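Q: I have a structure to go through and would like to start with the vocabulary. Can we take it step by step?

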Amino acid sequence: ILTVLSIFFSFAVTDAHALGDGEQPAEAATFDELKTWLDENMSTGGTIVLTQDITVPAGESYTYINGRYRQEITVETQGHTIYVEGYLELWPYLTIRGDGSQQELLHVCPGGELWLTSVSIDAGENGVAILQEEGSFFLYSSGLCRRLSLRSLGESSPFCARIAFRLTIIA
């Protein structure tokens with residue numbers, strides 16, 4: 001049985017918060033550092049760079065909702081991956097950008113849940129945006145996708161096709 005991945009797109013163009021002259025982006029090496037930075041910079045926006053792979057641990061839950069402040073935040077993965085073993089829910093005014101490498105930006109592990117709503121994903125020219133493993137849950141709705149590539153491992157992952165596919169939308 002084929003399950004279906006439903007993706008809804010709105011084509012609003014968003015720009016990442018620009019850094020001032022000489023200003024360095026923040027860095028995160030752990031999920032706690034990323035989570036803390038997101039919460040602290042929600043009202044101002046900005047850019048944060050991952051310095052290594054990070055993991056949302058099993059049993060942990062985090063929801064990022066920035067509708068109140070509407071300040072754009074960009075997470076530059078720099079070839080690193082955010083592994084989701086727990087529950088991660090991301091809402092508007094957030095961009096996750098990769099470097100075009102074949103390393104996925106987000107990886108949903110068995111038992112993990114990833115909910116993306118109106119989040120901009122840019123995996124780069126030949127990059128992989130999201131890898132979903134069997135036994136995980138992934139939902140993407142109503143957002144801007146620039147160069148989105150999804151891969152599924154397994155047949156019974158909810159909201160995912162049994163075959164790998166590439167979807168490219170240039171807004």
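A: Start with helices and strands: helices (H or I, at least four residues) and strands (E, at least two) are DSSP runs, numbered from the N terminus. Contact means heavy atoms within 4.5 Å. Axes are lines fitted to C-alpha atoms, for helices over the stretch in contact, and angles run from 0 to 180 degrees between N-to-C directions.

Q: What kind of model is this, and how are residues numbered?
A: This is a predicted model, where local features need pLDDT of at least 70 and side-chain atom pairs count only at pLDDT 80 or more, while totals for chains, interfaces and linings use all residues. Residues are numbered from 1 along each chain as its sequence is written, and side-chain values use heavy atoms, with hydrogens and water left out.

Q: OK, what does α1 lie across?
A: Helix α1 lies across β4 and β7 (87–90), and runs at about 30° to β4.

Q: Which residues of α1 are buried?
A: In α1 (residues 31–41), they are F31, L34, K35, W37, L38 and N41. Buried means under 20% relative accessible area, exposed over 50%, partly exposed in between (1.4 Å probe, protein chains only). These residues cover an arc of only 165° around the axis, which puts them on the same side of α1. The arc is that of the directions from the helix axis to the C-beta atoms.

Q: A lysine is on that list. What does K35 touch?
A: Leaving aside neighbours within four places in sequence, K35 is in contact with E60 and Y62. The relative accessible area of K35 is 18%, so K35 counts as buried.

Q: And what is L34 in contact with?
A: Beyond neighbours within four places in sequence, L34 contacts A28, I48, L50, I54, V75 and I82. L34 is also among the residues with the most contacts inside the largest nonpolar core, which has 32 residues. Such a core is a set of buried Ala, Val, Leu, Ile, Met, Phe, Trp, Tyr and Cys residues joined through side-chain atoms within 4.5 Å.

Q: Switching to sheets: what is the strand order in the open one?
A: The order is β4-β7-β10-β13, four strands with parallel pairing. Two strands pair if DSSP finds at least two bridges between them. β4 (61–64) and β13 (137–141) stand at the edges with a single partner strand each, so one side of each has no neighbour in the sheet.

Q: How many bridges join β10 and β13?
A: Five, in the parallel sense, with β10 covering residues 113–117. T117 stands opposite S141 in β13.
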